[in-house]
Amino acid sequence: MATHMQTETTMTETARKICKRLHAYLRLGNYEGTVYAVYPDGIYCNTSIGMVSILSNAHCLSPFSALVSSVKPFTRYEIEEGQRVLLGNERIEIPDCELMIDLSQATDYDLSFEAIKAVFLPNDYDVRLRHILRTIESNAKSDDLSPLVADIRQNEFSETVRPLLPKLHAGFRDQDPNACREAASQIAGIGVGLIPSADRLLCGYMAGYAALSTALGRSFDRVLEMTRALAGSAAAHTTELSGAFLLQSGEGLVSEDLFMLVRNVLSDAAYSALVASANRIAALPLGGGADMLAGVYLSLSMLYSASPID
């Protein structure tokens, strides 16, 4: 990869956190990509190793992202869709707008399902699920999927998804990847925006399933077989950006806040910590936090089994 010569006008932002999986790739070599989308608090780059995100403090750390303490909105850097992105071990650069993200001081965070350790089924499991449900109810929007789990008036999207859920639950209970693929292909893409509500729900569902599976003693390989089946099928039936996030979830990666939420549910963590992590997800900058929480709630409430599955 050609190295961009840093000039006196190059603006440098310092990353304080980085997804460990992403950093491992960057240590192996140099990569190129293009800017896919730009928001005040996030830059999304389509690269040869997948969708890479540069996020401000408005977000938590997400799979394949770096978190920076940006001094101004990214939209003020004259970044445009299609501009070239250069990625390496120490930096991410967008040469056309002379922006460089310094990764040298960033702390690696493991966002893998496999890193969710010491989880178990607590005696107050149902109480913990009710805390998630209350957070969903208090953050519901008129066009999200909250009505799937809460006593809220149905909308066109929840009415479309509701009859498709039994097939999804059955696929995961039976450990049947083909059934999961079929259900995911019907559910994915329902909703509005670059990341539709149903896709956020599926990401939350995979996270809840993975954490519950760990508590029940399933192998990580078995978990990945199921999540990859769901994610691969769902990604083929939705937007490019949403599909990228689904595929990252299918590979066993979750956001930092989602990681904390499922760990707080499946442990003896204080209720205040559980509610705080749920509220952070509900307040996602791009919206849709209640959809993700609904996915977590559905998997944790519908897939519980008293017997471990190898």
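**Close-up 1. Glu 13 and its contacts in the predicted model.** Leaving aside neighbours within four places in sequence, Glu 13 is in contact with Val 68, Ser 69, Ser 70, Val 71, Tyr 77, Leu 99, Met 100, Ile 101 and Asp 102. As in every view here, what you see is a predicted model. Glu 13 itself belongs to strand β1, which covers residues 11-19. Is this residue buried or exposed? With a relative accessibility of 4%, Glu 13 counts as buried, because the cut-off for buried is under 20%. One of its contacts, Ser 69, sits 56 residues away along the chain, yet the C-alpha atoms of Glu 13 and Ser 69 are separated by 7.3 Å.

**Close-up 2. Gln 83, a buried loop residue.** Look for Gln 83 in the loop that links β5 (65-68) to β6 (84-87). Its relative accessible area is 10%, so Gln 83 is buried by the under 20% criterion. A polar atom of the Gln 83 side chain lies 3.0 Å from the backbone nitrogen of Glu 80. Not counting residues up to four places away in sequence, Gln 83 touches Gly 33, Thr 34, Val 35, Glu 78, Ile 94, Asp 96 and Cys 97.

**Close-up 3. Asp 126 of helix α2.** Here is a residue to set beside the two before it: Asp 126 has a relative accessible area of 52% and is therefore exposed, the cut-off being over 50%. To find a distant part of the sequence in this view, turn to Val 265. Asp 126 and Val 265 are 139 residues apart in sequence, while their C-alpha atoms are 9.5 Å apart in space.

**Close-up 4. Ser 242 and its polar contact with Asp 199.** Ser 242 is part of helix α8, residues 240-250. Its relative accessible area is 1%, so Ser 242 is buried. Which side chain does the side chain of Ser 242 join in a polar contact? The partner is Asp 199, at 2.6 Å. Asp 199 also appears among the contacts of Ser 242 beyond four places in sequence, together with Leu 194, Ile 195 and Pro 196.

**Close-up 5. Helix α11, largely enclosed by the rest of the structure.** This helix runs over residues 289-302, and at 1.5 Å a residue its 14 residues should span 20 Å. The end C-alpha atoms are 20 Å apart, which agrees with that expectation. Why is α11 described as largely enclosed? The reason is that 12 of its 14 residues are buried. Those buried residues include Met 292, Tyr 297 and Leu 300. They pack against α2 (125-138), α4 (165-173), α6 (197-216), α9 (256-265) and α10 (271-282).

**Close-up 6. The cavity and its lining.** How many cavities of 30 Å³ or more does the structure hold? There is 1, and the largest cavity has a volume of about 420 Å³. Its lining is made up of 25 residues, with Ser 62, Arg 200, Phe 245, Ser 255 and Met 292 lying nearest the centre. Elements giving two or more residues to this lining are β4 (50-55), α6, α8 and α9. Helix α8 supplies the largest share, 4 residues. Sorted by class, the lining has 15 nonpolar, 7 polar and 3 charged residues. Met 292, one of the residues nearest the cavity centre, is also one of the buried residues of α11.

Technical notes: Residues numbered from 1 in each chain as written. Predicted model: local features only at pLDDT ≥ 70, side-chain atom pairs only at ≥ 80, totals over all residues. Heavy atoms only, no water. Buried < 20%, exposed > 50% of the residue type's maximum accessible area, 1.4 Å probe, protein only. Polar contact = N/O pair within 3.5 Å; in protein donor to acceptor, adjacent residues only side chain to side chain. Contact = heavy atoms within 4.5 Å. Expected span 1.5 Å × (residues − 1). 1 Å grid on protein atoms, 1.4 Å probe; cavity = no way out; pocket = protein on both sides within 12 Å on 5 of 7 lines; lining within 4 Å. Points joined across faces, edges and corners; volume = space filled by probe spheres on them. Nonpolar A, V, L, I, M, F, W, Y, C, P; charged D, E, K, R; others polar.
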